Amino acid sequence: MGGLIAFEVIRELRKRNKQLPQQLFISSTAGLTSSTSEDVNYKLSDDELVSMYPHLDMQFIGDNELQQLLIGILKADLELIYNYKYVQQEPLDIPVVAIHGVEDKRVKRDQIEQWEKETMSSFKLVQRMGGHRYIEHDAAFVTGLIREESIAKQIILVA
């Protein structure tokens with residue numbers, strides 16, 4: 001969902017003639033034309049969601065109240081994705097870097113490659129070992145990649 005939000009924020013900035021970011025990094029997010037609302041079910045039971053998203057299992061969370069809070073957030077995220085309607089517009093004029101876990105069962109390589117259609121600038125696909133949540137074990141690589149790309153494009157990151 002983060003990729004969807006980042007993309008739409010950039011579109012809104014462009015619409016308002018505001019300064020755009022120098023580059024868009026997408027991770028584990030299918031191209032917005034490659035999936036449908038049928039791919040997302042926000043009405044699943046808590047148990048079904050935990051089986052689909054094992055990081056929400058009580059053995060990892062350790063607190064029932066926190067688990068319920070996180071499940072509620074996930075359901076809200078899934079409902080937003082379910083109700084999202086892609087609107088065709090002119091592609092962005094900024095580079096897009098898409099990062100994909102090669103074992104991702106939710107987002108296939110051909111789906112993430114669809115991000116290339118959303119830019120008139122360069123597109124780069126970076127494949128990493130791991131599944132949908134590859135970043136949990138690969139955060140150092142991802143931050144290094146962002147740093148390298150930023151230096152290469154002389155982007156200043158402000159924390």
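## Strand pairing and the sheet

Two strands are taken to pair if DSSP finds at least two bridges between them. In this predicted model, strands β1 and β2 meet that condition, since they pair in the parallel sense over four bridges. Within this pairing, Leu24 has Val96 of β2 as its bridge partner. Strand β2, residues 96-101, also pairs with β3 in the parallel sense, over six bridges. Here Ile99 stands opposite Val126 in β3.

Together the strands form an open sheet of three, in the order β1-β2-β3 and with parallel pairing. Strands β1 (24-27) and β3 (123-128) stand at the edges with a single partner strand each, so one side of each is left without a neighbour in the sheet. From one strand to the next, the twist averages 15°.

## The two faces of strand β1

In a regular strand, side chains alternate between the two faces of the sheet. Strand β1 shows this alternation: Leu24 and Ile26 point to one face and are buried, whereas Phe25 and Ser27 point to the other and are not.

Leu24 has contacts with several parts of the chain. Not counting residues up to four places away in sequence, Leu24 touches Ala6, Phe7, Ile10, Leu92, Ile94, Pro95, Val96 and Val97. One of these, Val96, is also the bridge partner of Leu24 in β2.

## Nonpolar cores

The largest nonpolar core has 14 residues. Those with the most contacts inside this core are Phe7, Leu24, Ile26, Leu92 and Trp115. Helix α1 and strands β1 and β2 each supply at least two residues of the core. The largest share, three residues, comes from α1.

Apart from this core lies another, of 10 residues. Val40, Tyr42, Leu44 and Leu49 are among its members.

## Aromatic pairs and a charge over a ring

A pair of aromatic rings is described by the distance of the centres and the angle of the planes. The structure holds two aromatic pairs. In one of them, the ring centres of Phe7 and Trp115 are 5.4 Å apart and the planes stand at 75°, so the pair is edge-to-face. This pair links distant parts of the chain: Phe7 belongs to helix α1 and Trp115 to the loop between α5 (109-112) and β3, 108 residues apart. Both Phe7 and Trp115 are buried.

A charged side chain also lies over an aromatic ring. Arg128 is placed over the face of Phe141, at 3.4 Å from the ring centre.

## Arg14 and Gln67 in their helices

Arg14 lies in helix α1, which spans residues 2-15. Its relative accessibility is 24%, and Arg14 therefore counts as partly exposed. Leaving aside neighbours within four places in sequence, Arg14 is in contact with Leu20, Gln89, Glu90, Pro91 and Leu92. Arg14 and Asp93 are 79 residues apart in sequence, yet their C-alpha atoms are 9.8 Å apart in space.

Gln67 has its place in helix α4, residues 64-83. With a relative accessible area of 9%, Gln67 is buried, the cut-off for this class being under 20%. Apart from residues up to four places away in sequence, Gln67 touches Val50, Leu56, Asp57, Met58 and Ile61.

## Loop residues

Two residues other than glycine have a positive phi near 55°: Asn17 and Ser28. Asn17 is found in the loop between α1 and β1, and Ser28 in the loop between β1 and α2 (46-52). Their accessibility places them in opposite classes: Asn17, at 71% relative accessibility, counts as exposed, whereas Ser28 is buried, with a relative accessible area of 10%.

Thr119 is found in the loop between α5 and β3. At 9% relative accessibility, Thr119 counts as buried. Leaving aside neighbours within four places in sequence, Thr119 is in contact with Pro91, Leu92, Ile94, Pro95 and Val96. From Asp57, which is 62 residues away along the chain, Thr119 is separated by 38 Å between C-alpha atoms.

How values were computed. Residues numbered from 1 in each chain as written. Predicted model: local features only at pLDDT ≥ 70, side-chain atom pairs only at ≥ 80, totals over all residues. Heavy atoms only, no water. Buried < 20%, exposed > 50% of the residue type's maximum accessible area, 1.4 Å probe, protein only. Contact = heavy atoms within 4.5 Å. Axes fitted to C-alpha atoms, helices over the stretch in contact; angles between N-to-C directions. Phe/Tyr/Trp six-rings, centres within 6.5 Å; stacked < 30°, edge-to-face > 60°. Lys NZ or Arg CZ within 6 Å of the ring centre and 35° of its normal. Core = buried A, V, L, I, M, F, W, Y, C linked by side-chain atoms within 4.5 Å.
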